[in-house]
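Visitor: I should like to learn how to read a protein fold. May we go through one together, step by step?

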Amino acid sequence: MIFDYNMIFDALPLYLSGLLTTLKLLGLSLIFGLFLALPLSLMRVSKRVLLKATAWCFTYVIRGTPLLVQLFLIYYGLAQFSVVRESIFWPLFSSATFCACFAFALNTGAYTAEIIAGSLRATPNGEIEAAKAMGMSRYKMFRRVLLPSALRRALPQYSNEVIMMMQATSLASIVTLIDITGAARTFNAQFYLPFEAYITAGAFYLCMTFLLVHLFKLAESRWLSYLTPRRH
């Protein structure tokens, strides 16, 4: 078997364009997913039954169904309802980019909410008692002590979620977006070279994974260094 490097080099502009699309999808999904996850995580640890049950139902449904099904329901399913087509939101839901980002944000928001909620539950009692001893209100204690501490401890688990979401963006090619996987499908459709097409896509994802792991390692070494056991 002859590996055609020349064809790959010729297709690099297509892959680089797909890389930009992938990065845009990933960045927007993570940003909006994190904004969604913060209130959901607080609801998950709330003592109010209604708030806790609402957040639990949302995360259970999202985490219990495949992301591909969610993407199809948002991109293809909502279009069948006239109330959606005639609403002011139709220009958004008729956009493949918006639907993909919306589906990805909901998905990563549910998983991230559970990660942060778990970190909040694992907060050492000493931090809570110290905040109460300083006379902090419950709101100030969450804002200045509990959330920052939980977010730092959640970094290792959140790094896995970011990498999983980066790989999940490959589903965007199914709704007509030309991301990295979409570039590979286009390349294969034009030249019938599936091995070259998808091995190149895999190399792009592998490089992105390596970069993300390195960045999170740097973040962990900075913000989680106080948890590292000291040698005497």
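The questions and answers below concern this predicted model.

Visitor: How many helices does the protein have?
Guide: Read along the sequence, the pattern is α-α-α-α-α-α-α-α-α-α-α. There are zero strands in the protein. The number of helices is 11.

Visitor: What share of the residues in the protein is buried?
Guide: The C-alpha trace spans about 70 × 60 × 25 Å along its principal axes. A residue is counted as buried if its relative accessible area is under 20%. Of the 232 residues in the protein, the buried share is 41%.

Visitor: Are H1 and H10 roughly parallel or roughly antiparallel to each other?
Guide: Helix H1 covers residues 5-44 and helix H10 covers residues 180-191, and their axes lie 7 Å apart. The two helices pack at an angle of about 150 degrees. Angles over 145 degrees count as roughly antiparallel. H1 and H10 are therefore roughly antiparallel.

Visitor: How many charged residues does the contact of H1 with H10 have?
Guide: The contact includes Leu14, Tyr15 and Gly18 of H1, together with Ala183, Thr186 and Phe187 of H10. By class, the contact of H1 with H10 has 11 nonpolar and three polar residues. The number of charged residues there is zero, for the contact has no charged residues.

Visitor: Which helix supplies the largest share of the largest nonpolar core?
Guide: The largest nonpolar core has 41 residues, and those with the most contacts inside it include Tyr15, Phe104 and Ile180. Several helices each supply at least two residues of this core, among them H1, H6 and H10. The largest share, eight residues, comes from H11.

Visitor: Which residue of helix H9 (155-168) that begins with Met is in contact with Phe104?
Guide: Neighbours within four places in sequence are left aside here. The contacts of Phe104 then include Leu25, Ser29 and Leu67. Another of these contacts is Met165.

Visitor: Is Phe142 buried or exposed?
Guide: Phe142 lies in helix H8, residues 138-153. Not counting residues up to four places away in sequence, Phe142 touches Leu42, Leu147 and Pro148. Its relative accessible area is 17%, and the cut-off for a buried residue is under 20%. Phe142 is therefore buried.

Visitor: What distance separates the C-alpha atoms of Phe142 and Leu120?
Guide: Along the chain, Phe142 and Leu120 are 22 residues apart. In space, their C-alpha atoms are separated by 9.5 Å.

Note on methods:
Residues numbered from 1 in each chain as written. Predicted model: local features only at pLDDT ≥ 70, side-chain atom pairs only at ≥ 80, totals over all residues. Heavy atoms only, no water. Axes fitted to C-alpha atoms, helices over the stretch in contact; angles between N-to-C directions. Helix = DSSP H or I, 4+ residues; strand = E, 2+ residues; numbered from the N terminus. Parallel < 35°, antiparallel > 145°, perpendicular 65-115°, else oblique. Contact = heavy atoms within 4.5 Å. Nonpolar A, V, L, I, M, F, W, Y, C, P; charged D, E, K, R; others polar. Core = buried A, V, L, I, M, F, W, Y, C linked by side-chain atoms within 4.5 Å. Buried < 20%, exposed > 50% of the residue type's maximum accessible area, 1.4 Å probe, protein only.
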